[in-house]
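Please open the structure in the viewer and display side chains as sticks. The tour proceeds by selections, each followed by a description of what is found there.

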Amino acid sequence: MKQFITHDKRIVTGIELQNALKAVADDWRTSTIKILEQDHYAPHVTREEKEANFTKDMEFADKVESGEFDMSFTLWQRINEKLTGECIALFN
């Protein structure tokens with residue numbers, strides 16, 4: 001990802017964007033670790049499935065940090081919040 005456009009139309013590039021992507025990725029990793037550690041899965045979910053989800057989510061965090069991901073509203077919202085301090089709702 002070379003640039004990001006915030007909700008207020010500011011174009012963000014370079015180290016500022018890299019820092020925001022790293023912060024979002026770090027949040028994702030923290031959440032992924034807590035999900036596995038707290039084990040709030042349904043009883044039928046196997047350890048192997050839990051570990052597969054963990055691995056998939058950690059790999060996704062790596063993609064976010066490197067800027068190599070498909071943008072979704074959720075990711076746009078999280079990156080935008082890191083850059084502006086504002087959480088923009090899907091529907092206003």
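Begin by selecting Lys 50 and Asp 39, whose side chains form a salt bridge with an N to O distance of 2.8 Å. Lys 50 belongs to helix α2 (residues 47-66), whereas Asp 39 sits in the loop between α1 and α2, so this pair ties together parts that are 11 residues apart in sequence. The model on display is a predicted one.

Is Lys 50 buried or exposed? Its relative accessibility is 10%, and Lys 50 therefore counts as buried, the cut-off for that class being under 20%. Asp 39, by contrast, is partly exposed, because its relative accessible area is 36%.

**Along helix α1**

Next, select Lys 22 and Asp 26. Both residues lie in helix α1 (residues 14-38), where they are 4 residues apart, about one turn of the helix. Their side chains are joined by a salt bridge, at 2.9 Å from N to O. Lys 22 counts as partly exposed because its relative accessibility is 37%. Asp 26 is partly exposed as well, with a relative accessible area of 28%.

Keep this pair selected and add Arg 29, Asp 62 and Glu 65. Which arrangement links Lys 22, Asp 26, Arg 29, Asp 62 and Glu 65? These five residues are connected in a network of salt bridges. As a general point, side chains of opposite charge can pair when their charged atoms come close.

**Arg 10 and Glu 16**

Now move to Arg 10 and Glu 16. These two residues form a salt bridge, and their closest N and O atoms are 3.2 Å apart. Arg 10 has a relative accessibility of 33% and so counts as partly exposed. Glu 16 is also classed as partly exposed, at 36% relative accessibility.

How many salt bridges does the structure hold? The total is 9, and the pairs visited on this tour include Lys 50 with Asp 39, Lys 22 with Asp 26, and Glu 16 with Arg 10.

**A nonpolar patch**

Finally, select Phe 73, Leu 90 and Phe 91, and switch on the surface display. Together these residues form a nonpolar patch on the surface, with about 360 Å² of accessible area. Within this patch, Phe 73 is part of helix α3 (residues 73-84). Phe 73 counts as partly exposed because its relative accessibility is 32%; residues enter a patch at over 30% relative accessible area.

Note on methods
Residues numbered from 1 in each chain as written. Predicted model: local features only at pLDDT ≥ 70, side-chain atom pairs only at ≥ 80, totals over all residues. Heavy atoms only, no water. Patch = residues over 30% accessible without salt bridge, like charges linked within 9 Å, V, L, I, M, F, W, Y side chains within 5 Å. Areas by Shrake-Rupley, 256 points an atom, 1.4 Å probe, with all protein chains shown as cover. Salt bridge = Lys/Arg side-chain N within 4 Å of Asp/Glu carboxyl O. Helix = DSSP H or I, 4+ residues; strand = E, 2+ residues; numbered from the N terminus. Buried < 20%, exposed > 50% of the residue type's maximum accessible area, 1.4 Å probe, protein only.
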